[in-house]
Amino acid sequence: MAGTIAFRTGSASSGAAGRPAITEPAPVRWALIGVSLSFLGLFLLIPLAGVFVEAFRKGAGAFFAALRDPAALAAVKLTLLVAAIAVPVNCVFGLAASWAIAKFNFVGKNLLITLIDLPFAVSPVISGLIYILVYGLHGWLGPFLSAHDIEIIFAVPGIVLATLFVTFPFVAREVIPLMQVQGNDDEEAAITLGAGGLQTFFRVTLPNVKWAVLYGVILCNARAMGEFGAVSVVSGHIRGKTSTMPLHVEILYNEYNFVAAFAVASLLALLALATLALKSFVEWRSRRPFAEAPDAAVLEDLSHEH
């Protein structure tokens, strides 16, 4: 074999050895690192740097002028509004679905798990078309909505619905495995001590999964702000009204206004980098020893309260 694999049990032997569990010859290691860095450079770092270069190609004045444009400001506000609605709703749904799936047995449990994964399998464009079929002018509910002057498609509610659909699995998919691994022992102990259902959830269950929830919220927010396919179908591309930041970039690019397009794209890239930094912090923080919920202390408090 090209290298040797050493199996160790316990942190003491691993720390004493001071070597990684898997060792490979230096040329193999450097080749793997080189391939990884080359791939990241060609397909991530260089294109990302190119966005900022093009955004400032005509100077900082043109860059900030593009961001101060009323249509660009409207796109930023709409993107933040949609994310501000979609993320909390999906957080509540994700927690409720995770709690039900991980803690209870009920008829249709496997169906619920399958439905949660549905947005991962369905194209965002198809999800947008589904909403047009239901809420469009000639859709199933179209005549009723039109008669009552309710706008869903080609309006903000349609964008929110489409974003909700493509983002609702993220919180649930982060929390469900952790809740299943933790089991029901803490909740059963809290109930034995006299805690009610909501008290058990907020004092025991939620602290145990708080970092998974935050991680899912970060991913959900990133997808909500960057979603293009489903939003493009239901928005109508009305400039200054139903164009989110990704749609505004497309509009500017199709108009050959490249500096403005890359300026808005660079703002999206900065939001993505900020999301990545926050995601890395959450991963680091969740691995720290004191990041775990103080189950014993909480249960002791509950015993004193009841």
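Count the secondary-structure elements and you get 16 helices and two strands in this chain. Keep in mind as you look around that this is a predicted model. The chain has 306 residues, and 36% of them are buried. Now think about who touches whom: among contacts between residues at least 6 apart in sequence, 70% join residues at least 24 apart. On the outside, the accessible surface comes to about 17,300 Å², and carbon and sulfur atoms account for 70% of that.

Let's head inside. In soluble globular proteins, nonpolar side chains tend to be buried together. Here, the largest nonpolar core has 18 residues, and the members touching the most other members are V82, Y131, I153, I159, F165 and V234. Three helices, α4 (70–103), α9 (156–167) and α13 (229–235), each bring at least two residues to this core. Which helix gives the largest share? That's α9, with six residues.

Pick out I159 to see what life in there is like. Leaving aside residues up to four places away in sequence, I159 touches L78, V82, V231, V234, S235, T242 and T244. There is also another core, lying apart from the largest one, with 16 residues that include V51, A261, A263 and V264.

Next stop: helix α10, which runs over residues 169–182. This helix has 14 residues and spans 20 Å from its first C-alpha to its last, close to the 20 Å you'd expect at 1.5 Å a residue. Its buried residues are P169, F170, V171, A172, V175, I176 and M179. What covers them? The cover includes α4, α5 (109–116), α6 (118–121), α9 and α12 (197–226). Just past the end of α10 comes G183, with a positive phi of about 75°.

Speaking of phi, two other residues deserve a look. Most residues other than glycine have a negative phi. F154 is not a glycine, yet its phi is positive, at about 60°. You'll find F154 in the loop between α8 (142–147) and α9, and at 45% relative accessibility it counts as partly exposed. H237 is another residue other than glycine with a positive phi, this time near 55°. Its home is the loop between α13 and α14 (245–254), and H237 is partly exposed too, with a relative accessible area of 29%.

Now for the rings. A search of the whole structure turns up 14 aromatic pairs. One of them joins F39 and F43, and it is tilted, with 4.7 Å from centre to centre and 40° between the planes. Why can these two meet? F39 and F43 are four residues apart in helix α2 (residues 26–55), so about one helical turn separates them. Both rings belong to exposed residues: F39 has a relative accessible area of 52%, and F43 comes in at 59%.

Compare that with Y131 and Y135, a stacked pair with 6.1 Å from centre to centre and 15° between the planes. The spacing works the same way here, because Y131 and Y135 sit four residues apart in helix α7 (residues 124–135), which puts about one helical turn between them. Are they buried or exposed? Y131 counts as buried at 16% relative accessibility, while Y135 is partly exposed at 26%. These two tyrosines also belong to a bigger group: ring pairs link F93, Y131, Y135, F165 and F168 into a cluster. You've met two of those names already, since Y131 and F165 are among the core residues that touch the most other members.

Finally, let's check the cysteines. How many disulfides are there? The count is zero. Take C91: the nearest cysteine sulfur belongs to C220 and is 8.4 Å away, so with a cut-off of 2.5 Å between sulfur atoms, C91 is in no disulfide. Seen from the other side, C220 is in no disulfide either, and its nearest cysteine sulfur is that of C91. Both residues are tucked away from the surface: C91 counts as buried at 17% relative accessibility, and C220 is buried with a relative accessible area of 0%.

Technical notes
Residues are numbered from 1 along each chain as its sequence is written. This is a predicted model: local features need pLDDT of at least 70, side-chain atom pairs count only at pLDDT 80 or more; totals for chains, interfaces and linings use all residues. Side-chain values use heavy atoms; hydrogens and water are left out. A nonpolar core is a set of buried Ala, Val, Leu, Ile, Met, Phe, Trp, Tyr and Cys residues joined through side-chain atoms within 4.5 Å. Buried means under 20% relative accessible area, exposed over 50%, partly exposed in between (1.4 Å probe, protein chains only). Contact means heavy atoms within 4.5 Å. Accessible areas come from the Shrake-Rupley method with a 1.4 Å probe; for residues, only the protein chains shown count as cover. The expected span of a helix is 1.5 Å times one less than its number of residues. Rings of Phe, Tyr and Trp (its six-membered ring) pair if their centres lie within 6.5 Å; planes under 30 degrees apart count as stacked, over 60 as edge-to-face and the rest as tilted.
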